[in-house]
Amino acid sequence: MRPLRRSLTRTFLVGAVALVAGACSAASAAPGWSFPPSAPNGASGAVVAASAAPASAAPAATSGASAAPTAAPTLATAAPPSAPVSLNMTILSDTMTGRAGWPVFVPSDFTLPANSTVIVTVTNFDGATALPKGSQLYAKATGIVGGTFTVTPIKAGAPNGSASPTSTRSALDPAQVSHTFTILALGINVPLAPDARTTFMLHTGAPGTYAWRCLDPCGTGPYGWGGPMAATSGYMQGTLTIS
Ligand SMILES: [Cu+2]
């Protein structure tokens, strides 16, 4: 038992140091077997992790003693892949862009990992443009986790705070939609409230390239489909790459 416990302790020491050092792949964790670890700042965290090891790892160690050293990298790298990814976008009003009738999503092209959970936050500094008849279905969320999103009203002068409490919604009043984040090919649509921070989660699937766009006529011209709505990318539409 004693050599095993030492081995496990080493395993968790290395794992903890690898985590502290920011290592995130098996390839970078494996060389970490060189001992002692080179990051003295990680020592206190490593000790805490090691003290917790015997209780949870003891049954596995009893049945597979020779497997312990090769199992170490798996233990060290098990947690990071399950963490959600974040996608943050900002919508600037036409006052902010300095082009009348030209609000913009920033960024408009982005890449997300395949088969992952993504937390999307859209901070919108623009006002409302009512969805016209025939498009009012885009006031309802589809294709996102739980079918709901949260809306936190913001003040432009203090956008990291909240102007009033956060609410959870599955739809908005069609007259109170500012833009939409819509990926037709994936069945995803989220209405975005004016002057608010909207947050939702989605799951990515297989790798691919998808067009997203806003379906609220927020642009120029008699129907609002000119200007940024007509621009092929960089304003009210862009490309999501899942890789
Ligand atoms: Cu728009």
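Begin by selecting A211 and T239: in this predicted model, T239 of strand 11 is the bridge partner of A211. Next, extend the selection from A211 to the whole of strand 10, residues 208-213, which pairs with strand 11 in the antiparallel sense over 6 bridges.

Keep T239 selected and add D109, whose bridge partner in strand 11 is also T239. Widening this selection to residues 109-112 displays strand 3, and residues 237-242 display strand 11. These two strands run parallel and are joined by 4 bridges. Strands of a sheet pair through backbone hydrogen bonds, in either a parallel or an antiparallel arrangement.

Now turn to another pair. Select V120 and F200: F200, in strand 9, is the bridge partner of V120. Expand to residues 117-124 for strand 4 and to residues 196-203 for strand 9; the two run antiparallel, with 8 bridges between them.

Strands 4 and 9 are neighbours in an open sheet of 6 strands, ordered 2-1-4-9-5-6, in which the pairing is mixed. To find its edges, select residues 104-106, which form strand 2, and residues 167-169, which form strand 6; each of these edge strands pairs on one side only. With the sheet in view, note that its neighbouring strands are turned by 25° against each other on average, direction ignored.

Finally, show the entire chain, which contains 6 helices and 11 strands. Of its 243 residues, 28% count as buried. A contact map offers a last view: among contacts between residues at least 6 apart in sequence, 69% join residues at least 24 apart.

Note on methods
Residues numbered from 1 in each chain as written. Predicted model: local features only at pLDDT ≥ 70, side-chain atom pairs only at ≥ 80, totals over all residues. Buried ≥ 20, exposed ≤ 12 C-beta atoms within 10 Å, placed from the backbone. Contact = placed C-beta atoms within 7 Å. Pairing = 2+ DSSP bridges. Axes fitted to C-alpha atoms, helices over the stretch in contact; angles between N-to-C directions.
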